Amino acid sequence: MSDSRRDFAALVALMHRLRAPGGCPWDAEQTHRTLRPYLIEEAYEVLDAIDSGDDKELRDELGDLLLQVVFHSELASERGAFSIEDVVESLASKLVRRHPHVFADVEVGSAQEVERNWSEIKKGERRRAGRERPSAIDGLPRGLPALARAKRIGEKAASAGFDWATADEVRAKVAEELEELDVAMGSGDDAAVEEEVGDLLFALTSMARLRGIDAESALSSALAKFDARFRALEHDVESSGRQMRELDAAELERIWQSVKTKA
(Lines give C-alpha, C1' and ligand atoms only; values in the text may rest on other atoms or scores of the structure.)
Protein backbone atom coordinates (compact mmCIF):
# COMPACT_ATOMS: atom_id res chain seq x y z
CA MET A 1 0.00 0.00 0.00
CA SER A 2 2.80 2.42 0.88
CA ASP A 3 4.42 2.00 -2.53
CA SER A 4 1.14 2.61 -4.38
CA ARG A 5 0.64 5.82 -2.44
CA ARG A 6 3.86 7.16 -3.96
CA ASP A 7 2.63 6.52 -7.51
CA PHE A 8 1.03 9.35 -9.49
CA ALA A 9 -1.30 7.00 -11.38
CA ALA A 10 -2.54 5.67 -8.03
CA LEU A 11 -3.29 9.22 -6.94
CA VAL A 12 -5.35 9.78 -10.08
CA ALA A 13 -7.19 6.49 -9.47
CA LEU A 14 -7.88 7.56 -5.88
CA MET A 15 -9.45 10.80 -7.10
CA HIS A 16 -11.56 8.82 -9.58
CA ARG A 17 -12.75 6.56 -6.75
CA LEU A 18 -13.76 9.54 -4.63
CA ARG A 19 -15.91 10.88 -7.47
CA ALA A 20 -17.43 7.53 -8.42
CA PRO A 21 -20.79 6.20 -7.17
CA GLY A 22 -20.35 5.07 -3.58
CA GLY A 23 -17.46 7.49 -3.11
CA CYS A 24 -17.42 10.77 -1.20
CA PRO A 25 -20.66 12.81 -1.37
CA TRP A 26 -18.76 16.10 -1.01
CA ASP A 27 -16.28 15.29 -3.77
CA ALA A 28 -19.13 14.13 -6.01
CA GLU A 29 -20.86 17.52 -5.75
CA GLN A 30 -17.89 19.66 -6.74
CA THR A 31 -17.51 21.58 -10.01
CA HIS A 32 -14.72 23.68 -11.50
CA ARG A 33 -16.43 26.78 -10.11
CA THR A 34 -17.04 25.45 -6.58
CA LEU A 35 -13.39 24.41 -6.36
CA ARG A 36 -12.14 27.83 -7.45
CA PRO A 37 -11.67 29.31 -3.94
CA TYR A 38 -9.77 26.21 -2.79
CA LEU A 39 -7.30 26.53 -5.66
CA ILE A 40 -6.56 30.12 -4.70
CA GLU A 41 -6.34 29.27 -1.00
CA GLU A 42 -3.97 26.33 -1.57
CA ALA A 43 -1.69 28.47 -3.74
CA TYR A 44 -1.38 31.03 -0.94
CA GLU A 45 -0.75 28.30 1.61
CA VAL A 46 2.16 27.11 -0.54
CA LEU A 47 3.53 30.66 -0.41
CA ASP A 48 3.19 30.69 3.38
CA ALA A 49 5.05 27.37 3.56
CA ILE A 50 7.86 28.76 1.41
CA ASP A 51 8.15 31.79 3.68
CA SER A 52 8.19 29.56 6.78
CA GLY A 53 11.20 27.60 5.52
CA ASP A 54 9.56 24.40 6.79
CA ASP A 55 10.17 21.66 4.20
CA LYS A 56 7.59 19.30 5.67
CA GLU A 57 4.94 22.02 5.55
CA LEU A 58 5.96 22.87 1.98
CA ARG A 59 5.71 19.20 0.98
CA ASP A 60 2.21 18.94 2.43
CA GLU A 61 0.98 22.18 0.89
CA LEU A 62 2.35 21.26 -2.53
CA GLY A 63 0.38 18.05 -2.20
CA ASP A 64 -2.79 20.02 -1.47
CA LEU A 65 -2.14 22.18 -4.52
CA LEU A 66 -1.50 19.08 -6.65
CA LEU A 67 -4.85 17.73 -5.48
CA GLN A 68 -6.53 20.71 -7.10
CA VAL A 69 -4.83 19.94 -10.44
CA VAL A 70 -5.86 16.28 -10.23
CA PHE A 71 -9.40 17.19 -9.14
CA HIS A 72 -9.98 19.65 -11.99
CA SER A 73 -8.53 17.16 -14.47
CA GLU A 74 -10.87 14.45 -13.19
CA LEU A 75 -13.86 16.76 -13.69
CA ALA A 76 -12.71 17.53 -17.23
CA SER A 77 -12.14 13.85 -17.97
CA GLU A 78 -15.67 12.99 -16.87
CA ARG A 79 -17.12 15.34 -19.47
CA GLY A 80 -14.71 14.19 -22.16
CA ALA A 81 -12.75 17.43 -22.37
CA PHE A 82 -9.24 16.28 -21.40
CA SER A 83 -7.46 13.98 -18.95
CA ILE A 84 -4.63 14.42 -16.48
CA GLU A 85 -2.40 12.68 -19.04
CA ASP A 86 -3.30 15.42 -21.53
CA VAL A 87 -2.35 18.04 -18.94
CA VAL A 88 1.03 16.38 -18.37
CA GLU A 89 1.67 16.00 -22.11
CA SER A 90 0.73 19.63 -22.77
CA LEU A 91 3.08 20.84 -20.05
CA ALA A 92 5.98 18.64 -21.17
CA SER A 93 5.58 19.74 -24.79
CA LYS A 94 5.46 23.39 -23.74
CA LEU A 95 8.62 23.06 -21.65
CA VAL A 96 10.49 21.54 -24.58
CA ARG A 97 9.24 24.18 -27.06
CA ARG A 98 10.08 27.08 -24.78
CA HIS A 99 13.57 25.85 -23.87
CA PRO A 100 15.22 25.58 -27.29
CA HIS A 101 18.52 26.51 -25.62
CA VAL A 102 18.28 23.20 -23.75
CA PHE A 103 16.50 20.88 -26.18
CA ALA A 104 17.60 22.41 -29.51
CA ASP A 105 20.54 24.37 -30.89
CA VAL A 106 19.60 27.88 -29.73
CA GLU A 107 22.30 29.66 -27.70
CA VAL A 108 21.59 32.18 -24.93
CA GLY A 109 23.89 34.34 -22.87
CA SER A 110 21.76 35.23 -19.86
CA ALA A 111 18.56 34.60 -17.97
CA GLN A 112 17.17 37.83 -19.43
CA GLU A 113 17.71 36.47 -22.93
CA VAL A 114 15.88 33.29 -21.92
CA GLU A 115 12.92 35.43 -20.81
CA ARG A 116 12.89 37.33 -24.09
CA ASN A 117 12.99 34.11 -26.11
CA TRP A 118 10.22 32.64 -23.94
CA SER A 119 8.06 35.68 -24.64
CA GLU A 120 8.66 35.51 -28.39
CA ILE A 121 7.92 31.77 -28.48
CA LYS A 122 4.64 32.36 -26.63
CA LYS A 123 3.68 35.05 -29.14
CA GLY A 124 4.39 32.65 -31.99
CA GLU A 125 2.28 29.93 -30.37
CA ARG A 126 -0.67 32.28 -29.96
CA ARG A 127 -0.32 33.56 -33.52
CA ARG A 128 -0.36 30.03 -34.97
CA ALA A 129 -3.36 29.16 -32.80
CA GLY A 130 -5.24 32.25 -33.95
CA ARG A 131 -5.21 33.69 -30.43
CA GLU A 132 -2.87 36.62 -30.96
CA ARG A 133 -3.36 39.32 -28.34
CA PRO A 134 -3.86 42.90 -29.56
CA SER A 135 -1.90 44.46 -26.67
CA ALA A 136 1.46 43.63 -25.12
CA ILE A 137 -0.12 43.82 -21.67
CA ASP A 138 -2.97 41.40 -22.41
CA GLY A 139 -3.17 37.98 -20.79
CA LEU A 140 -2.94 38.77 -17.07
CA PRO A 141 -5.47 37.00 -14.80
CA ARG A 142 -8.18 39.35 -13.53
CA GLY A 143 -7.91 37.82 -10.06
CA LEU A 144 -4.20 38.56 -9.69
CA PRO A 145 -3.47 40.68 -6.57
CA ALA A 146 -3.06 44.34 -7.50
CA LEU A 147 0.63 44.61 -6.54
CA ALA A 148 1.52 41.44 -8.46
CA ARG A 149 -0.56 42.68 -11.42
CA ALA A 150 1.24 46.03 -11.34
CA LYS A 151 4.59 44.24 -11.50
CA ARG A 152 3.54 42.01 -14.40
CA ILE A 153 2.03 44.92 -16.36
CA GLY A 154 5.31 46.79 -15.91
CA GLU A 155 7.26 43.76 -17.11
CA LYS A 156 5.03 43.29 -20.14
CA ALA A 157 5.24 46.98 -21.06
CA ALA A 158 9.02 46.81 -20.65
CA SER A 159 9.21 43.80 -23.00
CA ALA A 160 7.48 45.96 -25.62
CA GLY A 161 10.10 48.70 -25.11
CA PHE A 162 8.16 51.01 -22.77
CA ASP A 163 9.94 51.35 -19.43
CA TRP A 164 12.00 53.56 -17.18
CA ALA A 165 15.74 53.43 -17.78
CA THR A 166 16.68 53.18 -14.11
CA ALA A 167 15.09 52.89 -10.67
CA ASP A 168 16.37 56.43 -9.94
CA GLU A 169 14.13 57.80 -12.69
CA VAL A 170 11.13 56.12 -11.09
CA ARG A 171 12.17 57.55 -7.71
CA ALA A 172 11.71 61.00 -9.21
CA LYS A 173 8.26 59.90 -10.39
CA VAL A 174 7.46 58.73 -6.85
CA ALA A 175 8.33 62.21 -5.55
CA GLU A 176 6.11 63.74 -8.24
CA GLU A 177 3.20 61.47 -7.30
CA LEU A 178 3.64 62.37 -3.61
CA GLU A 179 3.34 66.06 -4.50
CA GLU A 180 0.20 65.37 -6.53
CA LEU A 181 -1.22 63.41 -3.60
CA ASP A 182 -0.56 66.37 -1.30
CA VAL A 183 -2.46 68.66 -3.69
CA ALA A 184 -5.36 66.19 -3.90
CA MET A 185 -5.56 65.86 -0.10
CA GLY A 186 -5.58 69.65 0.20
CA SER A 187 -8.47 69.87 -2.25
CA GLY A 188 -10.73 67.68 -0.14
CA ASP A 189 -11.64 65.65 -3.25
CA ASP A 190 -11.76 62.01 -2.09
CA ALA A 191 -11.90 60.66 -5.65
CA ALA A 192 -8.75 62.61 -6.56
CA VAL A 193 -6.99 61.33 -3.43
CA GLU A 194 -7.87 57.73 -4.32
CA GLU A 195 -6.56 58.22 -7.85
CA GLU A 196 -3.28 59.71 -6.65
CA VAL A 197 -2.80 56.95 -4.06
CA GLY A 198 -3.16 54.45 -6.91
CA ASP A 199 -0.64 56.31 -9.05
CA LEU A 200 1.79 56.43 -6.13
CA LEU A 201 1.47 52.69 -5.46
CA PHE A 202 2.03 51.91 -9.14
CA ALA A 203 5.13 54.13 -9.21
CA LEU A 204 6.50 52.45 -6.07
CA THR A 205 5.89 49.03 -7.62
CA SER A 206 7.79 50.09 -10.75
CA MET A 207 10.69 51.38 -8.66
CA ALA A 208 10.82 48.09 -6.76
CA ARG A 209 10.72 46.08 -10.00
CA LEU A 210 13.67 47.96 -11.46
CA ARG A 211 15.61 47.34 -8.25
CA GLY A 212 14.86 43.62 -8.50
CA ILE A 213 12.45 43.73 -5.55
CA ASP A 214 9.08 41.97 -5.58
CA ALA A 215 6.62 44.53 -4.19
CA GLU A 216 4.20 41.85 -3.00
CA SER A 217 6.95 40.14 -0.98
CA ALA A 218 8.27 43.45 0.32
CA LEU A 219 4.81 44.43 1.58
CA SER A 220 4.30 40.99 3.12
CA SER A 221 7.59 41.36 5.00
CA ALA A 222 6.58 44.84 6.18
CA LEU A 223 3.26 43.50 7.43
CA ALA A 224 4.98 40.65 9.27
CA LYS A 225 7.31 43.18 10.91
CA PHE A 226 4.39 45.41 11.89
CA ASP A 227 2.53 42.38 13.25
CA ALA A 228 5.42 41.46 15.55
CA ARG A 229 5.94 45.03 16.73
CA PHE A 230 2.24 45.72 17.34
CA ARG A 231 1.90 42.56 19.40
CA ALA A 232 4.93 43.65 21.43
CA LEU A 233 3.34 47.07 21.88
CA GLU A 234 0.12 45.45 23.12
CA HIS A 235 2.11 43.31 25.55
CA ASP A 236 4.02 46.26 26.98
CA VAL A 237 0.87 48.36 27.41
CA GLU A 238 -1.09 45.53 29.03
CA SER A 239 1.86 44.70 31.31
CA SER A 240 1.64 48.23 32.69
CA GLY A 241 -1.99 47.61 33.65
CA ARG A 242 -3.35 50.10 31.12
CA GLN A 243 -5.37 50.02 27.91
CA MET A 244 -4.04 51.35 24.63
CA ARG A 245 -6.91 53.83 24.31
CA GLU A 246 -5.90 55.38 27.63
CA LEU A 247 -2.52 56.52 26.27
CA ASP A 248 -1.92 59.70 24.33
CA ALA A 249 -0.06 59.78 21.01
CA ALA A 250 3.26 60.78 22.57
CA GLU A 251 3.23 57.88 25.05
CA LEU A 252 2.25 55.38 22.34
CA GLU A 253 5.06 56.68 20.14
CA ARG A 254 7.57 56.28 23.00
CA ILE A 255 6.55 52.65 23.54
CA TRP A 256 6.49 52.02 19.78
CA GLN A 257 10.04 53.30 19.39
CA SER A 258 11.07 51.06 22.26
CA VAL A 259 9.57 47.89 20.78
CA LYS A 260 11.10 48.72 17.36
CA THR A 261 14.53 48.17 18.88
CA LYS A 262 13.49 44.66 19.98
CA ALA A 263 11.25 43.34 17.18
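Let me begin with helix 8 and helix 10 of this predicted model. Helix 8 spans residues 146-159 and helix 10 spans residues 190-210; their axes come within 9 Å of each other and cross at roughly 65°. Two packed helices are described by exactly these quantities, the angle between their axes and the distance between the axes. As for handedness, helix 8 passes helix 10 in a right-handed crossing.

Which residues of helix 8 and helix 10 meet? From helix 8 come Leu147, Ala150, Lys151, Ile153, Gly154, Glu155 and Ala158. Helix 10 contributes Phe202, Thr205 and Arg209. By character, the residues of this contact divide into 5 nonpolar, 2 polar and 3 charged.

I would now like to follow one participant, Ala158, which has its place in helix 8. Is Ala158 buried or exposed? Its relative accessibility is 27%, and because buried requires a value under 20% and exposed a value over 50%, Ala158 counts as partly exposed. Beyond its neighbours within four places in sequence, Ala158 is in contact with Asp163 and Arg209. Arg209 has already appeared as one of the helix 10 residues that meet helix 8. In terms of C-alpha positions, Ala158 and Arg211 are separated by 14 Å, with their positions 53 residues apart along the chain.

Next, I turn to helix 9, residues 167-187, where Val170 is found. With a relative accessibility of 1%, Val170 counts as buried. What does Val170 touch, once residues up to four places away in sequence are set aside? The list consists of Trp164, Ala203, Ser206, Met207 and Leu210. For Leu210, the C-alpha to C-alpha distance from Val170 is 8.6 Å, although the two residues are 40 apart in sequence.

My third residue is Pro100, in helix 6, which covers residues 100-103. Pro100 has a relative accessible area of 15%, and is therefore buried. Apart from neighbours within four places in sequence, Pro100 is in contact with Asp105, Val106 and Ile121. The C-alpha atoms of Pro100 and Trp118 are 9.3 Å from each other, and the two residues are 18 apart along the chain.

Let me close with the protein as a whole. How many helices and strands does the secondary structure contain? There are 12 helices and 0 strands, and the pattern along the sequence accordingly reads α-α-α-α-α-α-α-α-α-α-α-α.

On overall dimensions, the radius of gyration of the protein is 25 Å, whereas a compact globule of 263 residues would have a value near 18 Å. Taken along the principal axes, the C-alpha atoms fill a box of roughly 65 × 50 × 40 Å.

Of the 263 residues, 20% are buried; Val170 and Pro100 both carry that label. The accessible surface comes to about 18400 Å², and carbon and sulfur atoms account for 55% of that surface. Finally, considering contacts between residues at least 6 apart in sequence, 47% join residues at least 24 apart.

Technical notes: Residues are numbered from 1 along each chain as its sequence is written. This is a predicted model: local features need pLDDT of at least 70, side-chain atom pairs count only at pLDDT 80 or more; totals for chains, interfaces and linings use all residues. Side-chain values use heavy atoms; hydrogens and water are left out. Axes are lines fitted to C-alpha atoms, for helices over the stretch in contact, and angles run from 0 to 180 degrees between N-to-C directions. Helices (H or I, at least four residues) and strands (E, at least two) are DSSP runs, numbered from the N terminus. A crossing is left-handed if the near helix is turned anticlockwise from the far one by less than a right angle, and right-handed if clockwise. Contact means heavy atoms within 4.5 Å. Ala, Val, Leu, Ile, Met, Phe, Trp, Tyr, Cys and Pro count as nonpolar, Asp, Glu, Lys and Arg as charged, and the others, Gly among them, as polar. The radius of gyration is taken over C-alpha atoms; the globule rule is 2.2 Å times the number of residues to the power 0.38. Buried means under 20% relative accessible area, exposed over 50%, partly exposed in between (1.4 Å probe, protein chains only). Accessible areas come from the Shrake-Rupley method with a 1.4 Å probe; for residues, only the protein chains shown count as cover.
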